[in-house]
Amino acid sequence: MDFAEIPKPKPAQMAVRPNLVGYERLRRSFQWEDLYKELDWLPGGSLNMAHECIDRHANGQRRDQAALLWEGRNGEQEQYTFDQLKEESNRFANVLKGLGIKKGDRVFLFLERIPELYIALFGVLKVGAIAGPLFSAFGPDPVRDRLNNSGTVLLVTSPDLRRRIAQVLPQTPALKHIIVVNKSGRDSQPLVGGDLSYEGLMRQASPQFEIERTTMYDYSVMHYTSGTTGAPKGAVHRHQAIVQQYATGKWVLDLHPTDLYWCTADPGWVTGTSYGMFAPWSNGVTQLIYEGGFSPSRWYELIQRYKVTVWYSAPTAIRMLMKAGKELPGRYDLSSLRHINSVGEPLNPEAVVWGMKVFKQAIHDNWWQTETGAILIANYPWMPVRPGSMGRPIPGIQAGILDDDYNELPPGKDGHLAIRPGWPSMFHAYWQAPERYNSRFLKGWYITGDRARVDADGYFWFVGRTDDVINTAGHLVGPFEVESALIEHPAVAEAGVIGIPDPIAMEVVKAFVALKDGYQPTEELRRDISRFVRQKLAAAVAPREIEFIATMPKTRSGKIMRRLLKARELGLPEGDTSTLEED
Ligand code: ATP
Ligand code: MG
């Protein structure tokens, strides 16, 4: 595609000197062990993420620095220093210990984005148990299924969420305790039956706690995947992941002690823990946590008021900001922003171009998965950005493009995106599914399930998920290319592209299109969009059919569910829809 490379910024244009400048040099010599000296560790060589993120700062110079600035959904504000987070998470660790929770137990958190979610999660890590955050918009069945699959013994939730799932709680035999957080006394009748009050337990708990001496290989967090391609899988991570979360916070997010960082992801998804807790706090950085949902004006206002400097968001949010128009951001002072990052889906080049206009800087795309635990491929502040590319592997990571026999392909060819196993934040299991886990490792590679290509300079370009790739007249077409061309049209807000069966071509490309505010789905517009993309794409790749839809089916983490577009188009069963976002 014909998007010009964005040159690397000049040193004078940068507010701070980037942490990673000599990429090539570092890549050549780097070993993960080199970073061990930058972590604090526990006596006897133990490693615990809670110590690296909270206690080491509370015990040192950052003791009274704000770790968390919270803005509630009703405009409430709270602030916690590293020292306060240490004491509060110690209290919660004592609560858990008092209830008999021990190393390896699964403790799940089903809460809104309130400070107590963060406190509880670090308390869980401090006792050496496994923390499992659940997205607060889940209905009863997805919660039950995850609690049962993981064998959760203790659930931390809030009164309204507990009421929502009340009907399925009798079907969770392993669950022994429910702790209910009644944030700011929001609920007048918070407790039911044998439930325990978070506030009551915390009042009685000591703020002193000796962190469990976990090893780097002990389990820390488990996350269910987004369910974009099928039923979600429970990926389990280890304390060792902090090595890479810390490193990527430094190299990719370019976190500096003076930053005010905002990650918009919910901790129900891996971005919300790896980059909404572990990366910023292991780097000792202050972060904003906003409980409310997406709203263009509110988001811009938060950036202005908190003077956010580093921002980590997702393509779906950026497309929604684009949809809200160019005038809106002009009403806010967004000049504090110095580095913007995106993950979760391919970032359409058009979004990068828009970012250059609105934020006067490139949005930096990066690639990773629940399974990888941390960023593996990224654009860095100190490197030219090629719009549409997800960038280059971080130091310590070897990525390859493989053919269908899992042999490496040369640059320029599409194939399976694969990673040489053994990076620190690599998942260690799919919970109770060892065969499924093993099936992801072939011929010495971890097979990501995505297709990509690499150019001669080592930049990786996403093609599509293996399941979503369309086979039309002998060409393999990635939906991303077609969707990106569609959203260059001024009327198109979002596009989802699938293959539908065809007797001659095997499959033909069909596009579903959601329009920007103010556009009507007319026949004339459809023809115009069709003409527009035909100029941009090869004939075989351009969509044969374009259908307007009001909203794109997406996962709750904001990913377009092409398998659902396809099932609906072909009248097939919809499969697992536990993570489908409902309006
Ligand atoms: P499931 O595995 O349950 O189908 P999922 O793969 O969407 O769900 P996640 O682990 O949350 O679950 O998402 C990781 C996937 O998101 C990647 O494998 C890739 O397909 C997509 N993705 C993430 N970042 C990018 C990116 N920068 N560019 C392109 N795709 C991305
Ligand atoms: Mg996946």
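The largest cavity has a volume of about 70 Å³. The model is predicted. In total, the structure holds 4 cavities of 30 Å³ or more.

**Largest cavity**

Which residues line the largest cavity? They are Arg319, Glu345, Pro346, Asn348, Phe480, Glu483, Ile487, Ala495, Ile560 and Arg562. By class, 5 are nonpolar, 1 is polar and 4 are charged. Helix H15, residues 479–487, gives the largest share of this lining, with 3 residues. Two domains contribute to the wall: domain 1 (11–451) and domain 2 (470–570) each provide at least three residues.

**Second largest cavity**

The second largest cavity encloses about 50 Å³ of space. Its lining consists of Met49, Val221, His223, His237, Gln245, Val270, Thr273, Ser274, Phe278 and Gly373. No charged residues occur there; the lining has 4 nonpolar and 6 polar residues. Strand S8 (219–224) and helix H9 (270–282) each supply at least two lining residues. Which element gives the largest share of the lining of the second largest cavity? Helix H9 does, with 4 residues.

**Side by side**

| Cavity | Volume | Lining classes | Element with largest share |
|---|---|---|---|
| Largest cavity | about 70 Å³ | 5 nonpolar, 1 polar, 4 charged | H15, 3 residues |
| Second largest cavity | about 50 Å³ | 4 nonpolar, 6 polar, no charged | H9, 4 residues |

The charged residues in the lining of the largest cavity number 4, whereas the lining of the second largest cavity has none. The lining of the largest cavity includes Arg319, Glu345, Glu483 and Arg562. In the second largest cavity, the lining includes His223, His237, Gln245, Thr273 and Ser274.

Definitions and conventions:
Residues are numbered from 1 along each chain as its sequence is written. Chains are lettered from A and ligands numbered from 1 in the order in which they are written. This is a predicted model: local features need pLDDT of at least 70, side-chain atom pairs count only at pLDDT 80 or more; totals for chains, interfaces and linings use all residues. Side-chain values use heavy atoms; hydrogens and water are left out. On a 1 Å grid over the protein atoms alone, a cavity is a set of points where a 1.4 Å probe fits but cannot get out, and a pocket is an open set with protein on both sides within 12 Å along at least five of seven lines; lining residues have an atom within 4 Å of a point. Grid points are joined across faces, edges and corners, and a volume is the space filled by probe spheres set on the points. Ala, Val, Leu, Ile, Met, Phe, Trp, Tyr, Cys and Pro count as nonpolar, Asp, Glu, Lys and Arg as charged, and the others, Gly among them, as polar. Domain bounds come from an automatic or database domain assignment.
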